[in-house]
Amino acid sequence: MNHICEELHRCESHKGVDLPGVDILIVGGGVNGLAVAREAQVRGWSATVVEADDIGAGTSGTSSRLVHGGVRYLENLEFHLVRESLKERERLLFTAPHLVQPYPLLIPFYKHNRRHGFVLRLGMVLYDVLSFDKSTPLHRTFSKTRVQQAYPGLDSKDLYGAALYYDAQAANTERLCVEQALDIVALGGSVRNHTRVTGLTEQASGISVSMFDSLTETHYTQTAAIVVNAAGPWVDRVLGLSKTASSQLIGGTKGSHLTVGPFPGAPSTGVHFEATSDGRAILVLPLPDGNYLVGATDIFFEGDPGSAVMSDEEIDYLISEVNRLVPAAHLLRSDVLHTVSGVRPLPFSPKAKSAAQVSRSHHLVAHPAMSGLFSITGGKLTTHRALGEMAINKLQSRPATPGAPGRRRLLSQLFNPSASTRRLKLPGARSSDLTRFTSSFRRTTSLPAASIDRLLGLYGVRVERLEQLVASRPELAATLPGRDDAIAAEVVMAVQDEFARTLTDIVARRLLLVWNDDAGLDSLDGVAAVAAQELGWDQAQIDREIASYRDWIRLRRPAAYEPDASIAR
């Protein structure tokens, strides 16, 4: 096999033998775990990321797809979190402009809102103050007349104004995870997906981590000086693999979203409004493909986070609130294209009266009973890089920890700014002028014209790799079934360069075809045929991969699946 699986996963060369030791091993390949590993590698540590499923397969891929400052966190007086979020939003606009773009949101003021317009205006002013160094515009307030002119579909009853402000959108959130993983490996680290941690044992040399690759059925053992448990809502389950007792750390809440197609009265920008029934914040977010993402719910959740599914009650709740906001919408369950649910890895807070009261701040928790073991609680998409920096700062200041501790570390970063991720662009953004690159690419590329916008949005400057693949194998320029803007070369690159090992990896989290109206189902056979050539699948394996995707997609309840699995009743 001539692809990245052979090198990174040692699929054929390590049958139950020990792997070389590393400075730090991170359990969890979500956006936060990857950020910890990327920061470690940039600072000269050796890092391994171990993920039981696939990169970004958990909570990271089920967010609102907003990179936001957390305006609603002002209500909980979490000014530090808002400021940190706003700084990180600005950094992502610089380091990942192909994936993160400024995004306008309207907050309508209604008399029935629990939060008065004066309070909301004050919040907007404070939001601007806390983001004094931002590149996006300041907020604007609208009169009722102005709102009705710009957003004629919104309910005008009891409306008395609005505020328009800017956050940012990462419509292809999963790609943020993939590009971090690419950086980790480029810096000398290792990323192992579909590899489950099965045991943690303290030894004189560090912590021995037992692992099992579920695709090759291979057992591995690797010793690390430090283990960071960044398994998100699975943190407590990972801690249960050690022989040391630990109190509950995670009190997760389920957040569910649904997508619908364009509807009468639909807003031209995102709308951040207050639910009439319970006062919680709801978002109606236009997506680049023309559809709308609506969410999210926030419900305390117990059970396997991997089995989280949006309930009928959640669907009805969101549809009802959107229909109140946009009277002409008349949305029904049958209008829902698909749903997505994830569990937020929030800290266990038994005294919280509602999920909204639980802090979204991130923390690094030490486990004294096992020296070198730490866990991450909290965190969100926007602040993932800051979380990684915080974790490595704290770990690096410990005695006998890899790297230069204390003052030496600070001096090192002062004279070597590259030893930080703060201004380090993601691989797809590494151009001195991305706008100029994009313009030149559009003029000179030989890739199908219909695919250019999508490919630039997914891969940035890495589209040049697709051109190389097509130049060597012209048949890879062929478009995939069900799409005129996705090409076969993407499947090859996903396997060779981007850690994809299953059909679901490719369709759902590399090419992101899962967000299509057909939930990626129309493209399955075509993608599987290309992947089979790269991964050596026979027909039996192809059939298993297709069946596995269809089983997985049921969790999203796509209307395009089958009559018996449709949301339509």
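**Nonpolar patch.** I began with the surface of this predicted model, where L77, F79, V125, L126 and V129 form a nonpolar patch with about 430 Å² of accessible area together. I looked up which element gives the largest share, and found that helix α4, residues 117-130, supplies three residues. F79 belongs to helix α3, which covers residues 79-95, and I noted F79 as partly exposed, because its relative accessible area of 35% falls between the cut-offs of 20% and 50%.

**Aromatic pairs.** A search of the whole structure gave me five aromatic pairs. I took up one of them, Y127 with Y165, which is edge-to-face at 5.7 Å centre to centre and 85 degrees between the planes. Y127 lies in helix α4 and Y165 in strand β6 (residues 159-169), so this pair ties together parts that are 38 residues apart in sequence. I then checked the cover on both rings: Y127 is buried, with a relative accessible area of 2%, and Y165 also counts as buried, at 3%.

**Charges over rings.** I looked next for charged ends that sit over aromatic rings, and noted R146 over the ring of F142, 5.0 Å from its centre. I also noted R423, whose charged end sits over the ring of F94 at 3.7 Å from the ring centre.

**Backbone entries.** I kept in mind that most residues other than glycine have a negative phi, and that most peptide bonds are trans. Against that background I recorded a cis peptide bond between G295 and A296, with omega at about 0 degrees; A296 is in the loop between β14 (292-295) and β15 (299-300). E217, which is not a glycine, has a positive phi of about 55 degrees, and I located E217 in the loop between β9 (206-213) and β10 (218-229), where its relative accessible area of 62% makes it exposed. H330 likewise has a positive phi, near 50 degrees, and is found in the loop between α8 (312-325) and β16 (336-344); at 58% relative accessibility I entered H330 as exposed.

**A buried glutamate.** I looked up E39 in helix α2 (residues 31-42) and found it buried, at 0% relative accessibility. The side chain of E39 is joined to that of T421 by a polar contact of 2.5 Å.

**Salt bridges.** I found 34 salt bridges in the structure. In one of them the side chains of R115 and E274 meet at 2.5 Å, N to O; R115 lies in the loop between β4 (101-110) and α4 and E274 in strand β12 (residues 270-274), so the pair ties together parts that are 159 residues apart in sequence. R115 is partly exposed, at 26%, whereas E274 is buried, at 11%.

I then turned to E389 and R422, whose side chains meet in a salt bridge of 2.7 Å, N to O. E389 lies in helix α9 (residues 384-396) and R422 in the loop between α10 (406-415) and α11 (434-444), so parts 33 residues apart in sequence are tied together by this pair. I listed E389 as buried, at 9%, and R422 as partly exposed, at 37%.

My last pair was D485 with R483, where the closest N and O atoms are 2.7 Å apart; D485 counts as buried at 13% relative accessibility, while R483 is partly exposed at 21%. I closed by following shared partners, and found that salt bridges join E88, R91, R385, E389 and R422 into one network.

Technical notes:
Residues numbered from 1 in each chain as written. Predicted model: local features only at pLDDT ≥ 70, side-chain atom pairs only at ≥ 80, totals over all residues. Heavy atoms only, no water. Patch = residues over 30% accessible without salt bridge, like charges linked within 9 Å, V, L, I, M, F, W, Y side chains within 5 Å. Areas by Shrake-Rupley, 256 points an atom, 1.4 Å probe, with all protein chains shown as cover. Salt bridge = Lys/Arg side-chain N within 4 Å of Asp/Glu carboxyl O. Helix = DSSP H or I, 4+ residues; strand = E, 2+ residues; numbered from the N terminus. Buried < 20%, exposed > 50% of the residue type's maximum accessible area, 1.4 Å probe, protein only. Phe/Tyr/Trp six-rings, centres within 6.5 Å; stacked < 30°, edge-to-face > 60°. Lys NZ or Arg CZ within 6 Å of the ring centre and 35° of its normal. Polar contact = N/O pair within 3.5 Å; in protein donor to acceptor, adjacent residues only side chain to side chain.
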